[in-house]
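Work through the exercises below with the sequence and coordinates open. Try each task before reading its solution.

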Amino acid sequence: MIRALGMMSGTSLDGVDAAEIETDGITIASFGDSRFRTYSDNEAAVLHGALGRWPGEAGVDEAAGISVACHADLAGEFPDVEVIGYHGQTLAHDPHGRGTHQAGDGVALAHKTGRPVVWDFRSEDVRQGGEGAPLAPFFHWACARWAVGAGLLPAAPVAFLNLGGVGNITWVDPSCDTPEEDGACLAFDTGPANAPINDLMRKRLRQSHDSGGRLAARGRANQSVLQRFLAHPYFERPAPKSLDRDQFVELSAAVDALSDADAAATLVAALAAAVAAGWRWLPSAPSTVLVCGGGRHNESIMSALGAQLPANVRPVEAAGLDGDMLEAQAFAWLAVRVLKGLPCSGPMTTGVARPVCGGRISHPKRSCA
């Protein structure tokens with residue numbers, strides 16, 4: 001077993017999650033400590049300013065430098081880990097066009113932390129024709145297996161719904177022996193999640209998010225906006241499929257004329273409607289949807305999902321897991337898989353032709369005596 005640290009900064013751009021697990025890259029032996037580092041206003045502004053940009057464009061190097069510095073700072077609080085899984089900061093994602101871009105430098109992070117760093121997890125999948133996202137699904141399989149073993153879930157298909165900046169869902173059959181096995185996993189991005197809500201709050205109220213969904217709870221969703229939103233061709237694309245954070249910019253523009261509360265309520269309703277629209281792509285209807293990511297703290301979102309989905313919608317903590325740290329834990333687990341040459345994605349999670357072991361491994365410089 002290897003003690004690994006996973007580090008994740010998602011498209012919500014609120015800060016860095018870091019979590020350690022002990023694993024052989026297949027089973028989860030134990031979950032370790034975790035930490036969160038909030039971005040300063042200046043750091044968040046730089047990262048927001050670089051969204052949508054590619055290597056060599058203005059602001060990208062500064063964003064990458066902030067990513068490395070913040071992650072190195074947080075990694076110092078985990079002195080006993082043997083390897084670091086570093087996702088970097090997604091700035092742009094266009095898998096069938098320009099590719100995928102996670103700002104950051106695993107070589108620099110390895111030098112700063114003095115430990116091996118596994119990074120650039122998505123590029124090889126995209127190079128081989130996959131979507132490059134989502135990458136947590138194989139880890140969701142491992143979590144379901146762990147929860148079944150602990151008696152916290154039945155040995156039946158379950159769905160994990162991650163609500164970060166973008167939403168993604170993983171259908172998992174924990175009875176399968178490996179995540180790359182046919183029928184073990186199906187995953188795809190559902191649509192916009194917290195990103196447009198957070199952007200609305202930042203733009204109008206100078207707040208990072210709608211705490212508890214209280215603003216949305218006071219509003220009424222605009223049905224004409226929702227109808228136009230659901231007419232987007234993305235919802236007709238079969239899974240697997242993935243999104244860029246700002247692929248639905250027209251949704252944010254469509255709520256500009258609404259009051260603060262009605263705009264928030266409309267964006268919450270769009271999130272839930274997008275998940276419901278993707279339900280038809282699941283191999284079978286799971287009885288339980290386990291919600292992770294920041295969206296599960298928003299009571300308006302959880303209520304909307306419960307009303308839209310034909311399943312029990314529960315926070316992932318109901319299965320003994322940490323919904324705030326699941327993505328970071330995923331990259332710890334994936335880092336060990338890369339070290340061992342095991343697949344991190346497959347045809348039913350990213351649409352790649354065959355299972356792929358992505359990621360680059362960078363070792364720290366060794367000083368000469």
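Five exercises follow, each with a worked solution.

The model is predicted: local features need pLDDT of at least 70, side-chain atom pairs count only at pLDDT 80 or more, and totals for chains, interfaces and linings use all residues. Residues are numbered from 1 along each chain as its sequence is written, and side-chain values use heavy atoms, with hydrogens and water left out.

**Exercise 1. Place Gln 89 and list what surrounds it.**

Step 1. Find the element. Gln 89 belongs to strand 4, residues 83-94. Helices (H or I, at least four residues) and strands (E, at least two) are DSSP runs, numbered from the N terminus.

Step 2. Check exposure. Gln 89 has a relative accessible area of 1%. It counts as buried because that class means under 20%, with exposed over 50% and partly exposed in between (1.4 Å probe, protein chains only).

Step 3. Look for partners. The side chains of Gln 89 and Ser 9 make a polar contact of 2.4 Å. Such a contact is a pair of N or O atoms within 3.5 Å; within protein, one must be able to donate a hydrogen and the other to accept it, and residues adjacent in sequence count only if both atoms are side-chain atoms.

Step 4. Widen the search to contacts, meaning heavy atoms within 4.5 Å. Beyond four places in sequence, the partners of Gln 89 include Gly 10, Tyr 39, Leu 47, Ser 67 and His 101.

**Exercise 2. Classify the ring pair of Phe 31 and Trp 146.**

Step 1. Set the rule. Rings of Phe, Tyr and Trp (its six-membered ring) pair if their centres lie within 6.5 Å; planes under 30 degrees apart count as stacked, over 60 as edge-to-face and the rest as tilted. This rule yields eight aromatic pairs.

Step 2. Apply it. Phe 31 and Trp 146 are 5.2 Å apart centre to centre, with 85° between the planes, so the pair is edge-to-face.

Step 3. Locate the rings. Phe 31 is in strand 3 (residues 28-38) and Trp 146 in helix 5 (residues 137-149), 115 residues apart.

Step 4. Check exposure. Phe 31 is partly exposed at 28% relative accessible area, and Trp 146 is partly exposed at 24%.

**Exercise 3. Describe the surroundings of Tyr 234.**

Step 1. Tyr 234 and Phe 235 form an edge-to-face pair, 6.0 Å centre to centre and 80° between the planes. Both residues are buried.

Step 2. Extend the group. Phe 229, Tyr 234, Phe 235 and Phe 248 make one aromatic cluster.

Step 3. Add the charge. Lys 241 lies over the face of Tyr 234, at 4.3 Å from the ring centre. The criterion is NZ of Lys or CZ of Arg within 6 Å of the ring centre and within 35 degrees of the ring normal.

**Exercise 4. How many residues are in the largest nonpolar core?**

Step 1. Define it: buried Ala, Val, Leu, Ile, Met, Phe, Trp, Tyr and Cys residues joined through side-chain atoms within 4.5 Å.

Step 2. Count. The largest core has 46 residues, and Leu 161 and Val 291 are among those with the most contacts inside it. Helix 10 (residues 260-278) gives the most, with eleven residues.

**Exercise 5. What caps the N-terminal end of helix 11, and which of its residues are buried?**

Step 1. Asn 298 is the cap: a side-chain oxygen lies 3.0 Å from the backbone nitrogen of Ser 300.

Step 2. In helix 11 (residues 299-308), the buried residues include Ile 301, Met 302 and Leu 305.
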